[in-house]
Amino acid sequence: MSKYDQPDVVQRRVRFFDGQFLQDVDFIDEQHYHLDRERALAKALRVSGVSRGLEVTVTGQNQITVSAGAAIDRLGRPIVLPTAVDVHLPERFRGKGGTVLIAYLESEAALATSEGSKENTRWDETPMLVVLPSGEEAFAIRADQAEAQWDEANAASVLLAEWAVSAGGAVSVNSTVIERTGLRLPGTLGVGTDDPAAKVHIAGENPYSIDFRVDGRMHSASADGGLWIGAQLNAFVGGVVGGDIGFWNNGTWRLRVGDQGTVSIGPTTPDPTARLTVSSAGHHLLLRREPTESTGGNQLFLELYQDDSGPAQVPEVAQSIRFHHSNRFWHRIEARSDGFHLKDGYLGSDSYRNLTLQTLAATQNVTASQNVTASQNVTASQNVTADQDLTAGRDLGVGRDAAISGALTVNGKAGFGGPRTGDSAARLSVSAGGQHLQLRREPTETTGGTQMFLELYQDDSSPAKVPEVAPSIRFHHSNRFWHRIEAREDGFHLKEGNLGSNGYRNLTLGTLFARDIRASHDIYADGQIYFHPGYEWGFEGPDRTQRYWFIFRPRWNINNFSDGGAVLRASGITYPSDARLKEGATVVPDALRAIEALRGLRFTWNDEGLRHLVGDVESSVTAGPEASDEDNRRVWETVRKARMAEADRPEIGVLAQDVERVLPELVHTDSAGFKSVDYGKLSAVLVEAIKEQQTLIRALDTRLGALETGAPGR
């Protein structure tokens with residue numbers, strides 16, 4: 001008798017061959033093999049659960065309905081419910097609750113009607129619906145309403161819903177517990193990659209693709225769960241042990257939000273007494289408006305605002321900014337209806353603190369019950385009053401009156417009553433108006449030598465003790481530009497006017513005469529640039545003689561280096577050709593025959609030719625006198641690519657080997673054995689070739705005339 005039970009593991013697959021006598025066991029084994037492989041894959045992927053449909057709804061008293069759908073059980077067996085099935089709950093279920101399950105069921109069906117054995121010809125996989133009350137015997141039916149036997153110990157069912165029946169027969173259903181199908185792997189899952197580096201690894205298509213999308217919510221059960229960013233795992237967004245949420249980058253937390261709404265920026269724990277804590281380290285807190293911003297008006301402010309209704313109902317609040325150096329000092333600037341007050345940092349104190357500043361400027365009065373002290377200037381458009389001393393570390397400027405009961409000390413300049421008391425940044429201020437500042441020597445002066453100079457002098461002893469000072473002259477057009485000429489040990493430097501900057505400025509002039517010119521960037525000239533040759537700067541000709549004003553570069557056109565490029569005209573590009581300087585001068589013989597031996601060719605440079613054309617880059621190009629090896633390598637690579645791209649196009653020329661056979665004087669062979677042609681000197685050969693050609697043309701013309709004169713009929 002055939003064995004239809006599915007084995008746990010099927011290792012053998014039926015092998016068919018011609019002439020084989022097949023029995024029922026062969027077909028049964030064939031089915032067992034394919035079922036085993038199909039179910040093994042589903043088990044390996046752990047996809048058990050409902051894939052579609054199978055929703056449980058209440059459709060009447062003591063009645064629920066399971067919609068059509070499909071599922072896979074934990075043994076990998078597919079469960080298909082083709083149509084909706086009504087399930088009538090027994091009366092004994094009233095007042096109870098439980099679960100609704102669907103389970104795989106296999107039974108024989110379709111009895112054979114033809115001659116032969118009277119056996120069932122099909123396996124019917126109509127599933128079983130199970131209503132399982134808590135602590136009660138299960139109620140199970142087939143989808144065709146036939147009763148079925150439920151063996152809980154051996155069944156691999158799928159949960160569809162929870163149910164409850166009231167004493168009156170009203171049914172309620174909870175479908176949120178349905179067991180949905182899904183991919184559950186014991187190892188790793190790679191999407192877009194064959195080598196996953198994590199439990200789930202998704203390889204993106206490009207920097208702008210959406211590679212992982214969740215329309216609902218994501219949940220991390222770990223308090224420090226989150227998202228790592230970057231291949232080096234140096235950035236993290238997620239939980240901080242203790243309940244905070246934060247942004248971690250480059251080895252520390254950069255921003256943290258506490259569970260009570262407190263926020264900290266920088267590597268610090270949120271202060272529970274403050275809404276925002278910023279750890280400044282070596283940085284500062286900046287309120288910035290970009291230059292492209294067109295709204296906001298001409299004020300940019302940080303506001304401390306106490307909201308209130310009108311008329312005012314909130315008791316007066318003094319908005320304050322506190323400056324606190326732990327264990328050293330704390331002060332506060334306090335705003336009240338009568339102005340600002342500088343007080344002790346302790347909020348329970350009304351003690352006042354001192355004000356020390358560089359320049360004190362008031363549009364009206366300056367009044368102090370004790371001293372007025374400024375390390376630099378004191379300026380008021382009206383009055384200055386001090387009941388005791390007034391000290392200005394530099395200048396004092398008063399628009400009207402000054403009343404000082406004690407001592408007056410001004411270390412700089414003082415001005416009273418004038419519309420302008422001088423530049424607070426200078427010892428001497430001159431209001432130019434329409435005039436100029438002039439250093440003048442009269443014609444009657446006979447001393448002083450042949451130099452007349454304005455000197456910026458830093459005094460020092462020998463050996464030098466004062467740190468190096470760069471005497472400078474600054475040129476300042478307010479709100480437009482400021483530059484400075486700065487003198488240093490190595491010469492003059494033209495820089496930005498801001499003394500805190502070392503940025504350099506341009507120099508524009510007519511003609512520049514200099515021994516050496518070095519520029520970290522570009523040199524521009526509206527006219528011509530002339531070069532004087534240095535030691536062994538350039539060579540030319542078969543005898544490799546140094547030529548004055550000659551610039552040697554392979555394949556350079558001296559009139560145009562590149563399409564649309566700059567023109568360089570060297571003063572020595574012509575060669576001496578005076579007859580008085582030459583001897584042994586003879587006419588080039590057989591010039592026309594030599595030209596006929598040459599071929600004018602269209603060609604392109606091959607790879608070796610392109611490499612040869614850029615072979616002198618490293619010896620002829622530099623990134624500058626202070627450039628590093630890496631700087632030079634980058635420049636060389638850029639020049640190579642540009643010159644190879646320029647040369648990699650169709651060209652016209654001759655072959656050096658052809659020229660060498662008839663005119664060896666015009667061919668030069670370098671140390672690597674490669675030959676080059678002096679195209680310019682071909683002109684002398686072309687002159688004689690044209691003359692020879694003209695002699696032939698005239699002879700032929702004479703012969704043709706003679707033939708035409710003696711022709712019959714003339």
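Two residues are said to be in contact when they have heavy atoms within 4.5 Å of each other. That cut-off is applied here to a predicted model, in which local features need pLDDT of at least 70, side-chain atom pairs count only at pLDDT 80 or more, and totals for chains, interfaces and linings use all residues. Residues are numbered from 1 along each chain as its sequence is written, and side-chain values use heavy atoms, with hydrogens and water left out.

The chain holds 7 helices and 42 strands; these are DSSP runs numbered from the N terminus, with helices being H or I of at least four residues and strands E of at least two. Of its 714 residues, 22% are buried, where buried means under 20% relative accessible area, exposed over 50%, and partly exposed in between, with a 1.4 Å probe and protein chains only. Among contacts with a separation of 6 or more, 32% join residues 24 or more positions apart.

A good place to start looking is the largest nonpolar core, which has 27 residues. Such a core is a set of buried Ala, Val, Leu, Ile, Met, Phe, Trp, Tyr and Cys residues joined through side-chain atoms within 4.5 Å. Leu 54, Val 87, Leu 89, Leu 129 and Leu 160 have the most contacts inside this core. At least two residues each come from β3 (63–66), β5 (78–81), β6 (85–88), β7 (97–103), β10 (128–133), β11 (139–142) and β12 (158–165), and β12 gives the largest share, 5 residues. Beyond its neighbours within four places in sequence, Leu 160 touches Val 50, Leu 54, Val 56, Val 66, Val 100, Leu 101, Ile 102, Leu 129, Ser 175 and Ile 178. Another core, of 13 residues, lies apart from the largest one and includes Ala 591, Ala 656, Leu 663 and Leu 666.

Leu 183 offers a view of a loop, the one between β13 (171–174) and β14 (189–191). This leucine counts as partly exposed because its relative accessibility is 46%. Outside its neighbours within four places in sequence, Leu 183 is in contact with Leu 45, Arg 46, Val 47 and Leu 189. Its C-alpha atom is 9.5 Å from that of Ala 44, although 139 residues separate the two along the chain.

Helix α7 (residues 682–709) has 28 residues and should span 40 Å at 1.5 Å a residue, which agrees with the 40 Å between its end C-alpha atoms; the expected span is 1.5 Å times one less than the number of residues. Within α7, Leu 682, Val 685, Glu 688 and Ala 689 are buried, and their cover includes α2 (591–596).
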